[in-house]
Amino acid sequence: MKRIILSLVVAVSAFATQAQNTLSAEAVAVTPGQEWTITVSLANASEFVTFQADLAVPDGVGLKESSLVPTSRLSDHTVTASTRSDGTIRVVAYNANNTSILGSDGALFTLTLTASTALTDTEAQVVFRNLRFTDASLQESLLTAFIAPLAVVTPTAIANVTLQPAPSATVYYDLQGRRVNKPQRGCLYIVGGRKVVF
């Protein structure tokens, strides 16, 4: 009986610790054809040393090269992001000294995505899965997968239009005020309100 109660206490304790470790990302507004940044945060009760996370993105969405920026929570870690053959983006953080991720809540990293095609509301999401976190004793925790919705913003206006003046053709008039299409050399004309010799 004591063995069953002890096993139950250990199982509940492990479940409570697991439930307190969550990875999250806020919803992001996306304009097709442009780039946007996603901030990924970790709230952790456990002291993790390394992690791996896979981001499944919609077709036409990709990782901007060299856009991964770790926060100060990962100051002693090497953090990489790469696109796998199936199109998912894998983020990995590790270090050789088994240094724990700093703090217990807050942003871990940001990365920039680009959309080469228009997205529909039904496909506009990033699925975070295969969230594997490891502590210094090599105990692995698989965190709950989640979806970060992308709010598709359709442009409704044209912005930043710069008007260039049209090139003005020189208009020649004779001394009687009649327009001259083919001015002749050596003749006197009126151009822009002034008398000129062509």
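These legends describe close-up views of a predicted model.

**View 1. The whole chain.** The protein has 198 residues, and 29% of them count as buried. Its secondary structure comprises one helix and 16 strands. About 12800 Å² is exposed, with carbon and sulfur atoms supplying 53% of that area. Take the contacts between residues at least 6 apart in sequence: 65% of these join residues at least 24 apart.

**View 2. Asparagine 21 in its loop.** Asparagine 21 lies in the loop between α1 (2-19) and β1 (22-25). Its relative accessibility is 2%, so asparagine 21 counts as buried; the cut-off for buried is under 20%.

**View 3. Polar contacts of asparagine 21.** The side chain of asparagine 21 comes to 2.7 Å from the backbone nitrogen of alanine 45. Asparagine 21 and serine 46 also meet side chain to side chain, in a polar contact of 3.0 Å. Leaving out residues up to four places away in sequence, asparagine 21 touches Ala43, Asn44, Ala45, Ser46, Phe48 and Leu143.

**View 4. Leucine 175 in its loop.** Leucine 175 sits in the loop between β13 (172-173) and β14 (179-180). Leucine 175 counts as partly exposed because its relative accessibility is 48%; partly exposed covers the range between buried, under 20%, and exposed, over 50%.

**View 5. A nonpolar surface patch.** Leu175 belongs to a nonpolar patch on the surface. The other members are Leu188 and Val197. Together the three residues have about 280 Å² of accessible area.

Methods:
Residues are numbered from 1 along each chain as its sequence is written. This is a predicted model: local features need pLDDT of at least 70, side-chain atom pairs count only at pLDDT 80 or more; totals for chains, interfaces and linings use all residues. Side-chain values use heavy atoms; hydrogens and water are left out. Patches are made of residues with over 30% relative accessible area and no salt bridge: like charges are joined within 9 Å, nonpolar side chains (Val, Leu, Ile, Met, Phe, Trp, Tyr) within 5 Å. Accessible areas come from the Shrake-Rupley method with a 1.4 Å probe; for residues, only the protein chains shown count as cover. A salt bridge is a side-chain nitrogen of Lys or Arg within 4 Å of a carboxyl oxygen of Asp or Glu. Helices (H or I, at least four residues) and strands (E, at least two) are DSSP runs, numbered from the N terminus. Buried means under 20% relative accessible area, exposed over 50%, partly exposed in between (1.4 Å probe, protein chains only). Contact means heavy atoms within 4.5 Å. A polar contact is a pair of N or O atoms within 3.5 Å; within protein, one must be able to donate a hydrogen and the other to accept it, and residues adjacent in sequence count only if both atoms are side-chain atoms.
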